[in-house]
Amino acid sequence: MNPLPQIVRQRLAALPGESHPDSNLLCAFAEKSLDPHENEQVISHLAVCSDCRTTVVLAQPETPPSENIGWIPSATPSLWAGMRWAVWAACAVVVGVALTLYQREQTIHSQIAKTTPPITQPVPANEKGSVPVEDAARSTKPSPSKELASAEENSAPTALPARAAFAGEMKPDAGRTAGALMLSKTSGPRWTLTPDGVLERSLDAGKTWAPVAIAANASFRVVTALGSDVWVGGAAGALYHSADAGQHWEQVNASVDGSALTADVTAIEFSDSRHGKLTSAGGTWLTSDAGQTWQKQ
Amino acid sequence: MPKLEVQSGELPAELASLVAELYAKSHAGELGLPLAQFSGILHGIAVKYLPAGSSEKDTRVLLASLRIEDLALAHACAAGHEPAWEVFLTRFREKLYEVAAYIARESSAARELADSLYADLYGMTARDGQRVSKLASYTGRGSLEGWLRTVLAQEYVNRYRKQRRLVSLDEESEEGVQFAAPEQQPLPAAESRVEMATDEVLSALAPEDRFVLAAYYLDDQTLAQIARTLKVHESTISRKLDKLAKSLRKQILASLVRRGMSRRQAQEALELDVRDLRVNIGKTLSQERPAAAFPKNKAGIEGNQ
């Protein structure tokens, strides 16, 4: 990064302070829910107030391990800088081990091919040995990001907190490819929520993300996917379902005996395409027909 | 456009239907909060955030933008209603400890931080014989969870500053230097023209640009942290910082030339500081910013709540 002349740092630190915005405004600023004028006021204050800048950073929601660089305000910067290098070094070791194992597996395969007659029966896709790259990768200790991917792909699809991205196109044997995410591309989209409640989709295994327009002014808090079924819920009972991996969305109006879901949806869990439950501040709602009808617990 | 007199003590009758709608939506009744009290809370929020003489439309926009369910829950808790506390504890009890652990990064400090906030939320302190809960200061501008995070972070920052000051005094006492003259900061004596030129250029920057510079160069925040605060990609911040550093240098040089310096003199004035920066960078990074830059007490941060 370009060095900044010290006189600029000195004068930047000497900019006159002003009264602090209250915690409500700082929180609303972080969640992007201030109007432009208020936003300008808060950021003007943040430009001159180290305390409030620190507060805003510390108050941000946790990031997944792969994104969480960590920062303690001016206490031990060198420790964290060192840890960042340690993470990179660990990643390099993992990739190196995976490549070595892959090459060894390839060598073994070529030797087997030379010494055994050709197989006339097609090998089932889930048979051990047919996916050497994945198995090689699985045999090594996964990096934090791989662990995240493994946990996500192995576990039942449950609602995740904002910014925890996961592959939406999960197949019954998806767990077999766990750990191979960095070596092979997944075919389905991945989903995540930004801190301000916007649904985002990645079609390139998480390299780039694009917002998905579902409903104006909707602020989502949870998203869950099972195969091509994607459910997203949020503030004021907002609940949407896509049965085609996000191509088309349908609003789901959950209600029981005329009483509609209006509370914030805080969790969604589906065990299959029809049976699921959602949790809101007002209680738990169950469906056994893909959201056509609901029961309240 | 009819003007709203928000100082009158209650919301105008034109907003009664909106208040009733928000009351139903918030489930405030189920949480034990009467409509009149709920209306009073909304009135207080309108007074707090809207300038006098704001239009009815402005008030509607503000009230409709509030996290109304969270608002009802917080104020029902502040009023001591048990059903509200049950909901609050179900939703936030574990979350608060998790957030405190994330902020404090040390289990005992995290528990102490969270317990302290619980005491404030419950209202262990009394004012005029009334239990005062911190939840009563929540206004629904952001989510309740976000507000709790922010309050925890503020409390942590306050504690951190106090602790730093205490440790610093203890160290001075042990070394017998408590009466010694304060050490002068080894900052270069900048020529007044350089200071003026720098101030001029900095004051012309957009607030967001000043924020990015301060967060990166003064607080040592990472690009990712700044990017998350501004909800942009970190490469955007990286590009912005590069562009700003180059632009600042260029503009300060131009300003110094306008103030009578030759191009070479102006460059030397800035280069001198750059050398100082490089020599002192390790020390500068390990130093605390001057204590005077921070508010003297917690009221400084929460001052206008």
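How many residues does the hairpin joining β11(A) to β12(A) pass through? The hairpin runs through five residues.

This report describes a predicted model, in which local features need pLDDT of at least 70, side-chain atom pairs count only at pLDDT 80 or more, and totals for chains, interfaces and linings use all residues. Residues are numbered from 1 along each chain as its sequence is written, while chains are lettered from A and ligands numbered from 1 in the order in which they are written.

**The sheet of chain A**

Helices (H or I, at least four residues) and strands (E, at least two) are DSSP runs, numbered from the N terminus. Two strands pair if DSSP finds at least two bridges between them. In chain A, four strands make up an open sheet with the order β11-β12-β13-β14 and antiparallel pairing. The edges are held by β11 (265-270) and β14 (295-296) of chain A, each with a single partner strand, so one side of each has no neighbour in the sheet.

Strand β12(A) pairs with β11(A) and with β13(A), as tabulated here.

| Strand pair | Residues of second strand | Bridges | Sense |
|---|---|---|---|
| β11(A) and β12(A) | 276-280 | five | antiparallel |
| β12(A) and β13(A) | 283-287 | five | antiparallel |

Within the pairing of β11(A) with β12(A), A:Glu269 has A:Lys277 as its bridge partner. On the β13(A) side, A:Ser280 is placed opposite A:Gly283, and two residues separate β12(A) from β13(A) in the hairpin that they form.

In a regular strand the side chains alternate between the two faces of the sheet. Strand β12(A) shows this alternation: A:Gly276, A:Leu278 and A:Ser280 point to one face and are buried, whereas A:Lys277 and A:Thr279 point to the other and are not. A residue is buried if 20 or more other C-beta atoms lie within 10 Å of its own, exposed if 12 or fewer, and partly exposed in between, with C-beta atoms placed from the backbone.

**Helix α1 of chain A and its contact with chain B**

Helix α1 (residues 6-13) of chain A has six of its eight residues buried, so it is largely enclosed by the rest of the structure. The buried residues are A:Gln6, A:Ile7, A:Val8, A:Arg9, A:Arg11 and A:Leu12.

The axes of α1(A) and helix α9 (residues 207-218) of chain B come within 11 Å and cross at roughly 110 degrees. The two helices are therefore roughly perpendicular to each other, a term covering angles of 65 to 115 degrees. From α1(A), A:Arg9, A:Leu12 and A:Ala13 meet B:Leu213, B:Ala214, B:Tyr217 and B:Leu218 of α9(B). The residues of this contact divide into six nonpolar, no polar and one charged. Here Ala, Val, Leu, Ile, Met, Phe, Trp, Tyr, Cys and Pro count as nonpolar, Asp, Glu, Lys and Arg as charged, and the others, Gly among them, as polar.

**Chain B**

Chain B contains 13 helices and two strands, and 36% of its 305 residues count as buried. Of the contacts in chain B with a separation of 6 or more, 65% involve residues 24 or more positions apart; two residues are in contact if their C-beta atoms, placed from the backbone, lie within 7 Å.

Helix α11 (residues 234-258) of chain B includes B:Thr236, which is partly exposed, with 14 other C-beta atoms within 10 Å. B:Thr236 lies 13 residues from B:Leu223 in sequence and 9.0 Å from B:Leu223 in space, C-alpha to C-alpha.

Terms used. Axes fitted to C-alpha atoms, helices over the stretch in contact; angles between N-to-C directions. Parallel < 35°, antiparallel > 145°, perpendicular 65-115°, else oblique.
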